[in-house]
Amino acid sequence: MSETQPSTASHSYVPGPAGEVVATGAPVATQLPGLAMKRRGPVAVWLGLTLITLGIYQLVWYYKIHKELQEFDRRQVLNPGGSLMVLIFLGWTLIAPLISFRNTGKAIAAAQRAAGLPVTCSPATSMWLTFVFGLNVWYMQRQLNLVVEAFPGAAPGTPVTLSA
């Protein structure tokens, strides 16, 4: 994980007036690597494949986007399996999935920031669109596709350089 942390090895250090060590160079951050995500059709994810598979694809999609978000920006601590388990085992509570969708919206917003894009994903919208025909899935995939499009020509799983 050290490759994702800023490097201070390029500093030069000199003794200060009272014998303390003073850094003379500005810190140089290493480039942050990540893996490109897969572009998916928002309507296919939201409606098409979900209907064909009787809802199973939506669970698979939820796991996959969390895994891809984690691989894209390793500074984010995500648990793809845990996020999926919330939907499977706590979906009946209504509160747990809403919180999970809000947290997913935050992760997508962080990915947009890491890609150097203006943040357009709203965690609240990711949560509340659940009540409008399940459009939160369509919305989240649309926002994820913005991150994918920030790296044109990058195949899914190939290294990309993050902005911040």
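The exercises below, each with a worked solution, concern the pockets, the cavity and the aromatic pairs of a predicted model.

**Exercise 1. The largest pocket**

Determine the volume of the largest pocket, the elements that line it and the classes of its lining residues.

Solution.
- Step 1. The volume of the largest pocket is about 220 Å³.
- Step 2. Its lining consists of 14 residues, and those nearest the centre are Q58, L87, F101, N136 and V137.
- Step 3. Two or more lining residues come from each of α1 (42-52), α2 (56-72) and α6 (135-149).
- Step 4. Helix α2 provides the largest share of this lining, namely four residues.
- Step 5. Sorted by class, the lining has eight nonpolar and six polar residues, with no charged residue.

**Exercise 2. The second largest pocket**

Describe the second largest pocket by its volume, and identify which element gives the most to its lining.

Solution.
- Step 1. The second largest pocket holds about 180 Å³ of space.
- Step 2. Its lining includes H66, L78, N79, S83 and V86, and also A96, I99, S100, N103, T104, K106 and A107.
- Step 3. At least two of the lining residues are supplied by α3 (80-90), and at least two by α4 (95-114).
- Step 4. The most is given by α4, with seven residues.
- Step 5. The classes are five nonpolar, six polar and one charged. Since Lys counts as charged, the charged class is represented by K106.

**Exercise 3. The cavity**

State how many cavities of 30 Å³ or more the model contains, and characterise the lining of the largest cavity.

Solution.
- Step 1. The count is one cavity of 30 Å³ or more.
- Step 2. The space in the largest cavity is about 50 Å³.
- Step 3. The residues that line the largest cavity are A36, M37, F72, V147, V148, F151 and A154.
- Step 4. This lining has seven nonpolar residues, no polar residues and no charged residues.

**Exercise 4. The environment of T50**

Decide whether T50 is buried or exposed, and list the residues that T50 touches beyond four places away in sequence.

Solution.
- Step 1. T50 belongs to helix α1.
- Step 2. The relative accessible area of T50 is 12%. The cut-off for a buried residue is under 20%, and T50 is therefore buried.
- Step 3. Leaving out residues up to four places away in sequence, T50 touches A44, V45, G55, Y57 and Q58.
- Step 4. One of these contacts, Q58, is also among the residues nearest the centre of the largest pocket.

**Exercise 5. The aromatic cluster**

Classify the ring pair of W61 and Y62 and that of Y62 and F101, and establish which residues the ring pairs link into a cluster.

Solution.
- Step 1. The model has four aromatic pairs.
- Step 2. In the pair of W61 and Y62, the ring centres lie 6.2 Å apart and the planes stand at 45 degrees, so the pair is tilted.
- Step 3. In the pair of Y62 and F101, the centres are 5.6 Å apart and the planes are at 90 degrees; this pair is edge-to-face, because the angle is over 60 degrees.
- Step 4. The pair of Y62 and F101 connects distant parts of the chain, with Y62 in helix α2 and F101 in helix α4, 39 residues apart.
- Step 5. The relative accessibility is 0% for W61, 1% for Y62 and 10% for F101. W61 is thus buried, as are Y62 and F101.
- Step 6. Through ring pairs, W61, Y62 and F101 are linked into a cluster. Of these, F101 also lies among the residues nearest the centre of the largest pocket.

Methods. Residues numbered from 1 in each chain as written. Predicted model: local features only at pLDDT ≥ 70, side-chain atom pairs only at ≥ 80, totals over all residues. Heavy atoms only, no water. 1 Å grid on protein atoms, 1.4 Å probe; cavity = no way out; pocket = protein on both sides within 12 Å on 5 of 7 lines; lining within 4 Å. Points joined across faces, edges and corners; volume = space filled by probe spheres on them. Buried < 20%, exposed > 50% of the residue type's maximum accessible area, 1.4 Å probe, protein only. Contact = heavy atoms within 4.5 Å. Phe/Tyr/Trp six-rings, centres within 6.5 Å; stacked < 30°, edge-to-face > 60°.
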